[in-house]
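Q: Please take a close look at one part of this structure and describe its setting. Then carry the account on to other parts of the chain.

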Amino acid sequence: MENNFDVIIIGGSYAGLSAAMSLGRSLRKVLIIDSGTPCNRQTPHSHNFLTHDGKTPKEIAGLAKEQVLHYQTVEFYDGLVKGVSKQPENFEVRTEGGNTFHAKKIILASGVKDLIPDIPGFAECWGISVIHCPYCHGYEVHGKTTGIMSNGDMGFEFSKIVYNLTKELTLFTNGSSTLNEEQTERFAKNNIGIIENEIERIDHEDGQIRKVVLRGGEEIFLDALYAKIPFEQNVNTDDLGLELTEHGYIKIDHFHKTNVEGVFACGDNTTMMRAVANAVAQGNLTGAIVNKELAEESF
């Protein structure tokens, strides 16, 4: 494998593969580096993506990778990036396996790492019946007995979206509620229960939630639980001095440029709209923008 490329894409899931296709079809030498651990690896079905609705995430990504690697200008490296640094003429990318690659441009399509709470059963259900997105999963559990694990303004705003899908709804603040008085009254008006007692564990069968057990032993039976949990970036953003938004996403402009010249970002690491369709769209646009910038520089 060569060491010098036009573009290195860190992250080979939907956004990264989409960006690679745009660039590969533009005859750019592209290297995708991916460690093979996408955040949706437990999710049984992907939805809300035209022509692929209901397929498994692995099936979609596998077909995408096969189609992208059809272009001889695109190469794939299985591994983990350990560092990225800006050099006088290009960028240097170092991998855990000891390889070093160089490129004129970097695209960060590295996604995010969910910080799973220390609640027994949560990790086993994550992406299956403990879910994050009403657009990705909401239709499949509409009308069912549903919980939301969140609090404060986030819990209030998220509940508005989920309430449209089911009226059998309970908010678990997992500790003292930080809802204000007006928000609490709105929950009461819509017959949405608020449970402040902490969740001790989640009982499930092969990832399908059966009930939430609260501290003290109270049991609440559920069909699904939405959860808004914290995350961290998969790449070390300090390497390049990347700016983050107040919510922890990589800060980009309308052209997917970061604050570092020559570094672009797309996909889940830039937005709370974590969906396959959105990642593909962002990657496609980012690839086209990077190609345009390369064309301008060499013309």
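A: Asp206 sits in the loop that joins strand E12 (199–205) to strand E13 (208–214); helices (H or I, at least four residues) and strands (E, at least two) are DSSP runs numbered from the N terminus. The model is a predicted one, in which local features need pLDDT of at least 70, side-chain atom pairs count only at pLDDT 80 or more, and totals for chains, interfaces and linings use all residues. Residues are numbered from 1 along each chain as its sequence is written, and side-chain values use heavy atoms, with hydrogens and water left out.

The backbone of Asp206 has a positive phi of about 50 degrees, although the residue is not a glycine. Most residues other than glycine have a negative phi. Asp206 counts as exposed because its relative accessibility is 79%; the cut-offs are under 20% relative accessible area for buried, over 50% for exposed, and partly exposed in between (1.4 Å probe, protein chains only).

Asn191 also has a positive phi without being glycine, with a value near 55 degrees. Its place is the loop between helix H6 (181–189) and strand E11 (193–195). With a relative accessible area of 65%, Asn191 is exposed.

Two other positions are partly exposed. Pro120 lies in the loop that runs from strand E7 (112–114) to helix H3 (122–125). Its relative accessibility of 47% is why Pro120 counts as partly exposed. When residues up to four places away in sequence are not counted, Pro120 touches Glu200, Arg201 and Ile202, contact being heavy atoms within 4.5 Å. The run 199–205 that forms strand E12, on one side of the Asp206 loop, takes in these three partners of Pro120. Thr146 is 26 residues from Pro120 along the chain, and their C-alpha atoms are separated by 19 Å.

Gln67 belongs to helix H2 (residues 57–68). A relative accessible area of 40% makes Gln67 partly exposed. Between the C-alpha atoms of Gln67 and Gly262, which stand 195 residues apart along the chain, the separation is 26 Å.

Which residues of H1 are buried? They are Tyr14, Ala15, Gly16, Leu17, Ser18, Ala19, Ala20, Ser22, Leu23 and Gly24. H1 is thus mostly covered, with 10 of its 11 residues buried. The elements against which these buried residues pack include H2, the helix that holds Gln67. The others named are strand E1 (4–10), strand E2 (30–34), strand E3 (74–78), strand E6 (100–108) and H7.

The packing of H1 with H7 can be followed in detail. Helix H1 (residues 14–24) and helix H7 (residues 276–298) have axes 7 Å apart and pack at an angle of about 35 degrees. These axes are lines fitted to C-alpha atoms, for helices over the stretch in contact, and angles run from 0 to 180 degrees between N-to-C directions. On the H1 side, the meeting residues are Tyr14, Ala15, Ser18, Ala19, Ser22 and Leu23. From H7 they are Val276, Ala279, Val280, Gly283, Asn284, Gly287, Ala288, Val290 and Asn291. This contact of H1 with H7 has nine nonpolar residues, six polar and no charged.

Strand E6 supplies Ile107. At 0% relative accessibility, Ile107 counts as buried. Leaving aside neighbours within four places in sequence, the contacts of Ile107 include Ala19 and Leu23, along with Thr286 and Val290. Ala19, Leu23 and Val290 also take part in the meeting of H1 and H7. The further partners of Ile107 are Val7, Ile8, Ile9, Ile10, Phe264 and Cys266. Ile107 and Cys266 are 159 residues apart along the chain, with their C-alpha atoms separated by 7.5 Å.

Thr271 is placed in the loop between strand E17 (263–265) and H7. It is buried, because its relative accessibility is 16%. With neighbours within four places in sequence set aside, Thr271 is in contact with Tyr249, Asn278 and Gln282. The C-alpha atoms of Thr271 and Asp239 are 21 Å from each other, while the two residues are 32 residues apart along the chain.

Notes
Ala, Val, Leu, Ile, Met, Phe, Trp, Tyr, Cys and Pro count as nonpolar, Asp, Glu, Lys and Arg as charged, and the others, Gly among them, as polar.
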